[in-house]
Amino acid sequence: MSSSPDRRPIFVATHPRACSTAFERVFMTRPDALSCVHEPFGDAFYYGPERMSARYDHDEAAREKSGYAEVRYDDVMGRILKEMLENDKTRVFIKDMAYYIVPPSGDRPLGPARSLDRHPNPVADSNPTIIPTSLLMLFHWTFLIRHPRKAIPSYYRCTIPPLNKKTGFDQFMPSEAGYVELRRLFEFLHAKGIIAEESKCDSEETRKSRGTMFGQMKEDSVSAWSGPDRDERLEQGPALSRQLENIPGPVKITVVDADDLLDDPEGTLRAYCEAIGVDFDPKMLKWDDDESQRTAKEAFEKWNGFHDDAIGSTELTPRSHKAKTSTREEEDKEWKEKYGEEGQKIIRETVDKNVADYEYLKKFALKPKKME
């Protein structure tokens with residue numbers, strides 16, 4: 001059971017190849033406290049009528065084959081809220097890519113996704129996402145990052161032979177690196193007081209300053225969500241309103257660096273669980289039973305080839321040696337040997353472009369919590 005009365009869905013915003021699925025597997029061991037939803041916004045981002053990705057723009061057959069060709073952003077949000085409302089004993093736990101809701105390449109959205117434009121989204125907010133501000137406020141936001149020198153080559157490998165035969169991603173798109181979108185999301189949530197430094201999270205002044213605005217936006221969102229054009233959502237409005245009545249103010253800024261997770265899984269997860277209000281149990285670091293393996297395989301199968309390591313894993317243990325920091329020349333040599341000269345150049349350019357955004361977020365990273 002969660003140690004916190006907070007009902008907000010926990011949202012782990014990340015970028016590709018950040019060890020995020022291994023991170024997610026830890027929390028899938030807690031069905032008593034959490035209902036995990038795996039990368040739900042990718043359905044609308046890649047395949048649906050409101051898709052922002054160009055990857056399958058000219059491949060209608062692939063979109064139809066995915067089973068998500070008609071999925072809109074409000075369908076995804078509806079699924080999340082349905083999970084939230086169906087069980088008052090667990091919190092929804094979402095892991096997803098920031099660029100699925102922040103237009104890639106730094107383009108500022110003209111507004112919310114059309115299916116969500118009924119929800120309050122003040123123009124003055126300069127919201128960088130296609131999710132209205134009133135809905136962003138419903139989540140407990142956290143972040144997971146990994147240095148581009150590790151994440152980018154790993155992602156590149158998923159887009160070339162032989163692995164691309166499984167993933168279906170037949171070209172590397174630098175716009176999917178995901179760091180700039182993650183930073184823009186973080187900065188917006190921080191500026192709006194949705195996430196804040198720990199000293200401000202319980203401040204009476206902070207709560208009062210955003211309480212009136214939040215209350216009105218919440219009320220308007222519930223009303224909009226219960227619109228007559230979505231009959232199955234008609235009954236969700238009152239229940240959602242009850243669930244959100246006691247939502248507290250901003251949540252503590254919570255950023256996890258994958259290197260910390262790999263070096264000290266228990267300490268990092270203790271700190272993270274404390275931040276989100278979930279009791280940590282060392283048993284969360286192991287999932288070698290048949291039921292856990294079956295659940296993971298079902299959850300991850302839609303992104304075939306990307307999660308093979310996580311599916312095949314049975315536990316999360318500290319790596320035997322800390323990651324070596326290679327020189328730039330050593331990295332270029334390794335990438336050239338693995339991916340050829342063109343691949344090395346693409347990887348280097350993409351890594352260099354994203355280091356600054358990674359280092360900015362790294363400043364906020366949690367420190368692993370030692371056992372007392």
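**Contacts and backbone oddities**

User: Which residues touch Lys95, not counting residues up to four places away in sequence?

Analyst: Lys95 touches Val12, Thr14, Ser20, Thr21, Glu24, Val37, His38, Glu39, Pro40 and His307, once you skip residues up to four places away in sequence. Keep in mind that this is a predicted model.

User: Ok. Where does Lys95 lie?

Analyst: Lys95 is part of strand β3, which covers residues 91–97.

User: And is Lys95 buried or exposed?

Analyst: Buried: the relative accessible area of Lys95 is 0%.

User: How far is Lys95 from Ser20, C-alpha to C-alpha?

Analyst: Their C-alpha atoms are separated by 7.4 Å, while along the chain the two residues are 75 residues apart. Ser20 is also on the list of residues that Lys95 touches.

User: Which residues of α1 are buried?

Analyst: Ser20, Thr21, Phe23, Glu24, Arg25, Val26, Phe27 and Met28. The helix is mostly covered, with eight of its nine residues buried.

User: Let's step back to the chain. How many helices and strands are there?

Analyst: The chain has 16 helices and seven strands.

User: What share of the chain's residues is buried?

Analyst: Of the 372 residues, 55% are buried. The accessible surface comes to about 17400 Å², and carbon and sulfur atoms account for 48% of that surface.

User: What about contacts between residues at least 24 apart?

Analyst: If you take the contacts between residues at least 6 apart in sequence, 78% of them join residues at least 24 apart.

User: Changing topic: which residues have a positive phi although they are not glycine?

Analyst: Two to look at are Arg17, with a positive phi of about 65°, and Cys19, also at about 65°. Most residues other than glycine have a negative phi, so a positive value catches the eye.

User: Where is Arg17?

Analyst: Arg17 is in the loop between β1 (10–14) and α1 (20–28). Cys19 lies in the loop between β1 and α1 too.

User: Why does Arg17 count as buried?

Analyst: Arg17 counts as buried because its relative accessibility is 18%, and the cut-off for buried is under 20%.

User: Which peptide bond is cis?

Analyst: The one from Pro161 to Pro162, with omega near 0°. Pro162 sits in the loop between α6 (148–157) and α7 (164–167).

User: Since α6 came up, is Lys150 buried or partly exposed?

Analyst: Lys150 lies in helix α6 and counts as partly exposed at 33% relative accessibility. Its C-alpha is separated by 9.9 Å from that of Asp259, which is 109 residues apart from Lys150 along the chain.

User: How many disulfides are there?

Analyst: Zero, going by sulfur pairs, where a disulfide needs two cysteine sulfur atoms within 2.5 Å.

User: Are Cys158 and Cys273 buried or exposed?

Analyst: Cys158 is buried at 0% relative accessible area. Cys273 counts as buried as well, at 1% relative accessibility.

User: Now helix packing. At what angle do α8 and α16 pack?

Analyst: Helix α8 (residues 179–191) and helix α16 (residues 328–362) pack at an angle of about 35°, and their axes are 9 Å apart. The crossing is left-handed.

User: Which residues make the contact?

Analyst: From α8, Tyr179, Val180, Leu182, Arg183, Phe186 and Glu187; from α16, Asn354, Ala356, Asp357, Tyr358, Tyr360 and Leu361. By type, the residues of that contact split into eight nonpolar, one polar and three charged.

User: What does Ile253 touch?

Analyst: Leaving out residues up to four places away in sequence, Ile253 touches Phe186, His190, Ile195, Ala196, Glu197 and Phe364. Phe186 is also one of the α8 residues in the contact with α16.

User: Where is Ile253 found?

Analyst: Ile253 is in the loop between β6 (251–252) and β7 (255–257). The residue is buried, with a relative accessible area of 9%. C-alpha to C-alpha, Ile253 and Ala275 are 8.5 Å apart in space and 22 residues apart in sequence.

User: Last one, where does Pro120 lie?

Analyst: Pro120 is in the loop between β3 and α5 (133–136), and it counts as buried at 17% relative accessibility. The C-alpha atoms of Pro120 and Ile131 are separated by 9.9 Å, the two being eleven residues apart along the chain.

Methods
Residues numbered from 1 in each chain as written. Predicted model: local features only at pLDDT ≥ 70, side-chain atom pairs only at ≥ 80, totals over all residues. Heavy atoms only, no water. Buried < 20%, exposed > 50% of the residue type's maximum accessible area, 1.4 Å probe, protein only. Axes fitted to C-alpha atoms, helices over the stretch in contact; angles between N-to-C directions. Helix = DSSP H or I, 4+ residues; strand = E, 2+ residues; numbered from the N terminus. Left-handed = near helix turned anticlockwise from the far one by under 90°. Contact = heavy atoms within 4.5 Å. Nonpolar A, V, L, I, M, F, W, Y, C, P; charged D, E, K, R; others polar. Areas by Shrake-Rupley, 256 points an atom, 1.4 Å probe, with all protein chains shown as cover.
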